[in-house]
Amino acid sequence: MLKIENLQASIDNKSILKGLNLEVKAGEVHAIMGPNGAGKSTLANIIAGKEDYEVTAGTIELNGEDISELAPEERAHNGVFLSFQYPVEIPGVSVTNFIKTAINETRKAKGLEDMPAKDMLKMIREKSELLEIDRKFLSRSLNEGFSGGEKKRNEIFQMAMLEPKLAILDETDSGLDIDALRIVANGVNKLKSKDNAVIVITHYQRLLDYIVPDFVHVLHDGKIVKSGDASLALELEEKGYDWIKQELV
Ligand code: ADP
Ligand code: MG
Ligand code: MG
(Lines give C-alpha, C1' and ligand atoms only; values in the text may rest on other atoms or scores of the structure.)
(Ligands and ions follow the chains in the order given, each with its own letter.)
Protein backbone atom coordinates (compact mmCIF):
# COMPACT_ATOMS: atom_id res chain seq x y z
CA MET A 1 0.00 0.00 0.00
CA LEU A 2 2.48 2.62 1.21
CA LYS A 3 6.23 2.33 0.84
CA ILE A 4 8.52 5.12 1.95
CA GLU A 5 12.24 4.82 1.42
CA ASN A 6 14.98 7.08 2.65
CA LEU A 7 12.68 10.09 2.91
CA GLN A 8 14.55 13.28 3.64
CA ALA A 9 12.84 16.61 3.91
CA SER A 10 13.46 20.08 5.15
CA ILE A 11 11.66 23.30 5.79
CA ASP A 12 13.36 26.68 5.49
CA ASN A 13 16.63 24.79 4.99
CA LYS A 14 16.19 23.04 8.31
CA SER A 15 16.45 19.30 7.92
CA ILE A 16 13.49 17.54 9.58
CA LEU A 17 13.15 14.07 8.11
CA LYS A 18 16.51 12.37 7.84
CA GLY A 19 16.15 9.13 5.97
CA LEU A 20 12.83 7.69 7.00
CA ASN A 21 11.65 4.22 5.96
CA LEU A 22 8.14 2.92 6.44
CA GLU A 23 6.08 0.21 4.84
CA VAL A 24 2.37 -0.14 5.45
CA LYS A 25 0.36 -2.98 3.96
CA ALA A 26 -3.36 -3.19 3.31
CA GLY A 27 -5.31 -4.28 6.36
CA GLU A 28 -2.77 -2.89 8.82
CA VAL A 29 -3.00 -0.22 11.47
CA HIS A 30 0.27 1.52 12.28
CA ALA A 31 0.86 3.91 15.14
CA ILE A 32 3.61 6.47 14.91
CA MET A 33 4.69 7.86 18.22
CA GLY A 34 7.54 10.03 19.31
CA PRO A 35 8.46 13.13 21.24
CA ASN A 36 7.24 16.56 20.32
CA GLY A 37 9.15 18.01 17.39
CA ALA A 38 10.30 14.61 16.11
CA GLY A 39 8.74 15.18 12.69
CA LYS A 40 5.48 13.22 12.97
CA SER A 41 3.23 15.93 11.54
CA THR A 42 5.83 16.70 8.91
CA LEU A 43 5.69 13.09 7.77
CA ALA A 44 1.87 13.15 7.62
CA ASN A 45 1.87 16.40 5.68
CA ILE A 46 4.45 15.18 3.22
CA ILE A 47 2.56 11.96 2.52
CA ALA A 48 -0.54 14.07 1.87
CA GLY A 49 1.48 16.37 -0.39
CA LYS A 50 1.45 19.65 1.50
CA GLU A 51 3.71 22.01 -0.29
CA ASP A 52 5.51 23.82 2.55
CA TYR A 53 8.18 21.13 2.70
CA GLU A 54 11.11 20.45 0.48
CA VAL A 55 11.64 16.76 -0.17
CA THR A 56 15.36 16.41 -0.79
CA ALA A 57 15.66 12.63 -1.16
CA GLY A 58 13.68 9.42 -1.10
CA THR A 59 10.54 7.95 -2.57
CA ILE A 60 6.91 7.64 -1.56
CA GLU A 61 4.98 4.91 -3.32
CA LEU A 62 1.28 4.24 -3.04
CA ASN A 63 0.26 0.88 -4.48
CA GLY A 64 3.47 0.71 -6.47
CA GLU A 65 3.13 4.18 -7.92
CA ASP A 66 5.43 7.06 -7.04
CA ILE A 67 3.16 9.79 -5.71
CA SER A 68 5.83 12.28 -4.66
CA GLU A 69 5.17 14.61 -7.58
CA LEU A 70 1.39 14.62 -7.20
CA ALA A 71 -0.58 17.59 -5.88
CA PRO A 72 -2.49 17.10 -2.60
CA GLU A 73 -5.84 16.81 -4.43
CA GLU A 74 -4.45 14.15 -6.73
CA ARG A 75 -3.20 12.17 -3.76
CA ALA A 76 -6.61 12.50 -2.15
CA HIS A 77 -8.18 11.22 -5.35
CA ASN A 78 -5.78 8.30 -5.20
CA GLY A 79 -7.15 7.41 -1.79
CA VAL A 80 -4.96 9.28 0.69
CA PHE A 81 -6.86 10.90 3.53
CA LEU A 82 -5.25 13.17 6.11
CA SER A 83 -7.34 14.25 9.07
CA PHE A 84 -7.80 17.92 9.61
CA GLN A 85 -7.44 18.77 5.98
CA TYR A 86 -10.51 20.91 6.31
CA PRO A 87 -10.32 22.56 9.71
CA VAL A 88 -11.95 25.72 8.40
CA GLU A 89 -15.30 27.00 9.53
CA ILE A 90 -17.70 27.32 6.66
CA PRO A 91 -20.82 29.05 7.88
CA GLY A 92 -23.87 28.02 5.91
CA VAL A 93 -22.29 24.84 4.54
CA SER A 94 -23.48 21.80 6.43
CA VAL A 95 -21.41 18.76 7.32
CA THR A 96 -23.45 16.81 4.77
CA ASN A 97 -23.21 19.30 1.94
CA PHE A 98 -19.50 19.63 2.41
CA ILE A 99 -18.92 15.91 2.11
CA LYS A 100 -21.28 15.62 -0.86
CA THR A 101 -19.19 18.22 -2.67
CA ALA A 102 -15.94 16.50 -1.72
CA ILE A 103 -17.20 13.16 -3.00
CA ASN A 104 -18.43 14.58 -6.26
CA GLU A 105 -15.18 16.48 -6.78
CA THR A 106 -13.29 13.23 -6.38
CA ARG A 107 -15.60 11.52 -8.86
CA LYS A 108 -15.23 14.36 -11.32
CA ALA A 109 -11.45 14.06 -11.15
CA LYS A 110 -11.86 10.42 -12.12
CA GLY A 111 -14.17 11.31 -15.02
CA LEU A 112 -17.29 10.08 -13.22
CA GLU A 113 -20.70 11.72 -12.97
CA ASP A 114 -22.01 13.02 -9.64
CA MET A 115 -23.14 10.27 -7.32
CA PRO A 116 -26.91 9.91 -7.71
CA ALA A 117 -28.65 11.73 -4.84
CA LYS A 118 -30.39 8.56 -3.74
CA ASP A 119 -27.09 6.65 -3.41
CA MET A 120 -25.51 9.56 -1.61
CA LEU A 121 -28.33 9.67 0.93
CA LYS A 122 -28.10 5.94 1.44
CA MET A 123 -24.38 6.16 2.03
CA ILE A 124 -24.80 9.06 4.45
CA ARG A 125 -27.43 7.08 6.34
CA GLU A 126 -25.30 3.96 6.53
CA LYS A 127 -22.10 5.67 7.56
CA SER A 128 -23.75 7.92 10.12
CA GLU A 129 -25.53 4.94 11.66
CA LEU A 130 -22.30 2.96 11.77
CA LEU A 131 -20.57 5.81 13.56
CA GLU A 132 -23.59 6.71 15.70
CA ILE A 133 -23.74 10.24 14.38
CA ASP A 134 -27.12 11.86 14.70
CA ARG A 135 -29.07 13.70 12.03
CA LYS A 136 -28.88 17.03 13.80
CA PHE A 137 -25.12 16.94 13.66
CA LEU A 138 -25.13 16.34 9.91
CA SER A 139 -27.04 19.54 9.28
CA ARG A 140 -24.75 21.70 11.44
CA SER A 141 -22.54 24.31 9.74
CA LEU A 142 -19.09 22.93 9.11
CA ASN A 143 -16.86 23.37 12.15
CA GLU A 144 -18.86 26.38 13.34
CA GLY A 145 -18.72 26.29 17.10
CA PHE A 146 -17.68 22.64 17.05
CA SER A 147 -16.27 21.22 20.26
CA GLY A 148 -13.12 19.11 20.09
CA GLY A 149 -15.23 15.96 20.06
CA GLU A 150 -17.50 17.31 17.32
CA LYS A 151 -14.50 18.19 15.15
CA LYS A 152 -13.29 14.64 15.53
CA ARG A 153 -16.73 13.27 14.74
CA ASN A 154 -16.78 15.33 11.55
CA GLU A 155 -13.31 14.13 10.57
CA ILE A 156 -14.20 10.51 11.12
CA PHE A 157 -17.42 11.00 9.19
CA GLN A 158 -15.42 12.51 6.30
CA MET A 159 -13.09 9.55 6.44
CA ALA A 160 -15.99 7.09 6.43
CA MET A 161 -17.60 8.76 3.44
CA LEU A 162 -14.44 9.14 1.38
CA GLU A 163 -13.44 5.50 1.98
CA PRO A 164 -9.70 6.19 1.68
CA LYS A 165 -7.18 3.48 0.98
CA LEU A 166 -4.74 5.09 3.36
CA ALA A 167 -6.04 7.20 6.24
CA ILE A 168 -3.60 9.24 8.28
CA LEU A 169 -4.87 10.61 11.56
CA ASP A 170 -2.56 13.15 13.09
CA GLU A 171 -3.73 13.73 16.63
CA THR A 172 -1.85 16.97 17.02
CA ASP A 173 -4.46 18.46 19.33
CA SER A 174 -3.19 18.67 22.85
CA GLY A 175 -6.79 19.26 23.87
CA LEU A 176 -8.05 15.83 22.88
CA ASP A 177 -10.31 14.76 25.69
CA ILE A 178 -11.34 11.20 26.37
CA ASP A 179 -14.56 11.61 24.36
CA ALA A 180 -12.65 12.76 21.31
CA LEU A 181 -10.19 9.89 21.67
CA ARG A 182 -13.08 7.42 21.84
CA ILE A 183 -14.68 8.90 18.73
CA VAL A 184 -11.46 8.57 16.78
CA ALA A 185 -10.76 5.08 18.04
CA ASN A 186 -14.29 3.85 17.50
CA GLY A 187 -14.24 5.25 13.97
CA VAL A 188 -10.92 3.64 13.11
CA ASN A 189 -11.99 0.30 14.54
CA LYS A 190 -15.25 0.32 12.59
CA LEU A 191 -13.78 1.53 9.32
CA LYS A 192 -10.68 -0.58 9.08
CA SER A 193 -10.81 -3.44 6.60
CA LYS A 194 -8.50 -5.78 4.74
CA ASP A 195 -8.43 -3.31 1.85
CA ASN A 196 -7.40 -0.14 3.65
CA ALA A 197 -4.67 0.94 5.99
CA VAL A 198 -4.54 3.45 8.80
CA ILE A 199 -1.65 5.41 10.25
CA VAL A 200 -2.40 6.93 13.63
CA ILE A 201 0.03 9.54 14.78
CA THR A 202 -0.05 10.33 18.43
CA HIS A 203 2.14 11.18 21.25
CA TYR A 204 -0.29 9.84 23.77
CA GLN A 205 -0.32 6.18 24.51
CA ARG A 206 -3.91 6.39 25.76
CA LEU A 207 -5.34 6.54 22.23
CA LEU A 208 -3.83 3.11 21.73
CA ASP A 209 -5.84 1.74 24.63
CA TYR A 210 -8.77 1.97 22.23
CA ILE A 211 -7.13 1.30 18.89
CA VAL A 212 -4.88 -1.72 18.94
CA PRO A 213 -2.24 -1.13 16.29
CA ASP A 214 -0.52 -3.94 14.42
CA PHE A 215 2.73 -2.00 14.51
CA VAL A 216 4.09 0.83 16.61
CA HIS A 217 6.96 2.96 15.37
CA VAL A 218 8.97 5.51 17.25
CA LEU A 219 9.95 8.57 15.29
CA HIS A 220 12.89 10.38 16.74
CA ASP A 221 14.94 13.11 15.15
CA GLY A 222 13.54 12.55 11.68
CA LYS A 223 13.85 8.77 11.53
CA ILE A 224 12.00 5.70 12.67
CA VAL A 225 14.36 4.39 15.29
CA LYS A 226 12.32 1.55 16.73
CA SER A 227 9.37 -0.57 15.62
CA GLY A 228 7.39 -3.19 17.45
CA ASP A 229 3.91 -4.42 18.18
CA ALA A 230 1.28 -2.84 20.43
CA SER A 231 3.34 -3.67 23.52
CA LEU A 232 5.92 -1.10 22.47
CA ALA A 233 3.36 1.64 23.11
CA LEU A 234 2.88 0.38 26.66
CA GLU A 235 6.61 0.27 27.19
CA LEU A 236 6.85 3.88 26.01
CA GLU A 237 4.05 4.86 28.36
CA GLU A 238 5.92 3.33 31.22
CA LYS A 239 9.46 4.40 30.38
CA GLY A 240 9.10 7.49 28.20
CA TYR A 241 11.31 8.09 25.20
CA ASP A 242 14.67 8.62 26.85
CA TRP A 243 15.66 4.95 26.91
CA ILE A 244 15.28 4.81 23.16
CA LYS A 245 17.51 7.82 22.73
CA GLN A 246 20.05 6.09 24.96
CA GLU A 247 19.88 2.89 22.93
CA LEU A 248 20.87 4.95 19.93
CA VAL A 249 24.05 6.35 21.37
P1 ADP B 1 5.85 16.55 15.70
O2 ADP B 1 4.58 16.48 14.94
O3 ADP B 1 6.55 15.25 15.84
O4 ADP B 1 5.69 17.23 17.01
P5 ADP B 1 6.65 18.39 13.61
O6 ADP B 1 6.65 17.59 12.36
O7 ADP B 1 5.48 19.27 13.84
O8 ADP B 1 6.88 17.43 14.85
O9 ADP B 1 7.95 19.28 13.66
C10 ADP B 1 9.25 18.78 13.42
C11 ADP B 1 10.25 19.91 13.45
O12 ADP B 1 10.02 20.74 12.32
C13 ADP B 1 10.14 20.81 14.68
O14 ADP B 1 11.45 21.17 15.04
C15 ADP B 1 9.36 21.99 14.18
O16 ADP B 1 9.73 23.14 14.87
C17 ADP B 1 9.80 22.08 12.72
N18 ADP B 1 8.73 22.62 11.87
C19 ADP B 1 7.57 22.01 11.56
N20 ADP B 1 6.80 22.78 10.78
C21 ADP B 1 7.51 23.90 10.55
C22 ADP B 1 7.27 25.11 9.81
N23 ADP B 1 6.15 25.29 9.12
N24 ADP B 1 8.26 26.04 9.81
C25 ADP B 1 9.40 25.85 10.50
N26 ADP B 1 9.68 24.76 11.21
C27 ADP B 1 8.76 23.80 11.26
MG1 MG C 1 4.18 18.64 17.77
MG1 MG D 1 2.67 16.95 15.36
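Glu 132 is exposed, with 11 other C-beta atoms within 10 Å, and the cut-off for that label is 12 or fewer. Its place is the loop between α4 (117-130) and α5 (135-138). Keep in mind that this is a predicted model. Two buried residues, Leu 181 and Ala 44, make handy contrasts, and from there we can move on to the sheets, a helix pair and the shell around ligand 1.

**Three residues to look at**

- Glu 132 also works as a distance marker: its C-alpha atom is separated by 29 Å from that of Glu 73, and the two are 59 residues apart along the chain.
- Leu 181 sits in helix α7 and counts as buried, because it has 22 C-beta neighbours inside 10 Å and the threshold is 20 or more.
- Leaving aside residues up to four places away in sequence, Leu 181 touches Leu 176, Arg 206, Leu 207 and Tyr 210.
- Going by C-alpha atoms, Leu 181 and Thr 101 are 27 Å apart in space and 80 residues apart in sequence.
- Ala 44 belongs to helix α1 and is buried, with 20 other C-beta atoms within 10 Å.
- Ala 44 has contacts with Leu 82, Ile 168, Asp 170 and Ile 201, again not counting residues up to four places away in sequence.
- Ala 44 and Ala 167 are 123 residues apart in sequence, yet their C-alpha atoms are 10.0 Å apart in space.

**The six-stranded sheet**

- Six strands make up an open sheet, in the order β6-β9-β10-β3-β11-β12, and the pairing is mixed.
- β6 and β12 (223-228) are the edge strands, each pairing on one side only.
- From one strand to the next, the twist averages 20 degrees.
- Strand β9 (residues 166-170) is mostly covered, with four of its five residues buried.
- On one side, β9 runs parallel to strand β6 (residues 80-82), and three bridges join them; Val 80 stands opposite Leu 166 here.
- β9 also runs parallel to strand β10 (residues 197-201), this time with five bridges, and Asp 170 has Ile 201 as its bridge partner.
- That last pair is worth a second look, since Asp 170 and Ile 201 are both among the residues that Ala 44 touches.
- Elsewhere in the sheet, strand β3 (residues 29-33) pairs with strand β11 (residues 215-220) in the parallel sense over four bridges, with His 30 opposite Phe 215.

**The four-stranded sheet and helix α1**

- There's an open sheet of four strands too, ordered β2-β1-β4-β5, and its pairing is antiparallel.
- Its edge strands are β2 (14-24) and β5 (65-66), each of which pairs on one side only.
- Strand β1 (residues 2-11) is joined to β2 by eight bridges, and the two run antiparallel.
- One bridge in that pair puts Ile 11 together with Lys 14.
- Helix α1 lies across β1, β2 and β4 (54-62), and runs at about 70 degrees to β2.

**Helices α6 and α7**

- Two packed helices are described by the angle between their axes and the distance between the axes.
- For helix α6 (residues 148-162) and helix α7 (residues 178-191), the axes come within 8 Å and cross at roughly 10 degrees.
- α6 and α7 are therefore roughly parallel to each other, as angles under 35 degrees get that label.
- On the α6 side, the contact is made by Gly 148, Gly 149, Lys 152, Arg 153, Ile 156, Met 159 and Ala 160.
- On the α7 side, the contact residues are Asp 179, Ala 180, Ile 183, Val 184, Gly 187 and Leu 191.
- By type, the residues of this contact split into seven nonpolar, three polar and three charged.

**Around ligand 1**

- The shell around ligand 1 consists of Ile 11, Asp 12, Ile 16, Gly 34, Asn 36, Gly 37, Ala 38, Gly 39, Lys 40, Ser 41, Thr 42 and Asp 52.
- Helix α1 (residues 40-48) supplies the largest share of that shell, three residues.
- Sorted by type, the shell has three nonpolar, six polar and three charged residues.
- Ile 11 links back to the four-stranded sheet: it is part of this shell and the bridge partner of Lys 14 in β2.

Conventions
Residues are numbered from 1 along each chain as its sequence is written. Chains are lettered from A and ligands numbered from 1 in the order in which they are written. This is a predicted model: local features need pLDDT of at least 70, side-chain atom pairs count only at pLDDT 80 or more; totals for chains, interfaces and linings use all residues. A residue is near a molecule or strand if its C-beta atom, placed from the backbone, lies within 6 Å of it. Ala, Val, Leu, Ile, Met, Phe, Trp, Tyr, Cys and Pro count as nonpolar, Asp, Glu, Lys and Arg as charged, and the others, Gly among them, as polar. Axes are lines fitted to C-alpha atoms, for helices over the stretch in contact, and angles run from 0 to 180 degrees between N-to-C directions. Angles under 35 degrees count as roughly parallel, over 145 as roughly antiparallel, 65 to 115 as roughly perpendicular and the rest as oblique. Two residues are in contact if their C-beta atoms, placed from the backbone, lie within 7 Å. Two strands pair if DSSP finds at least two bridges between them.
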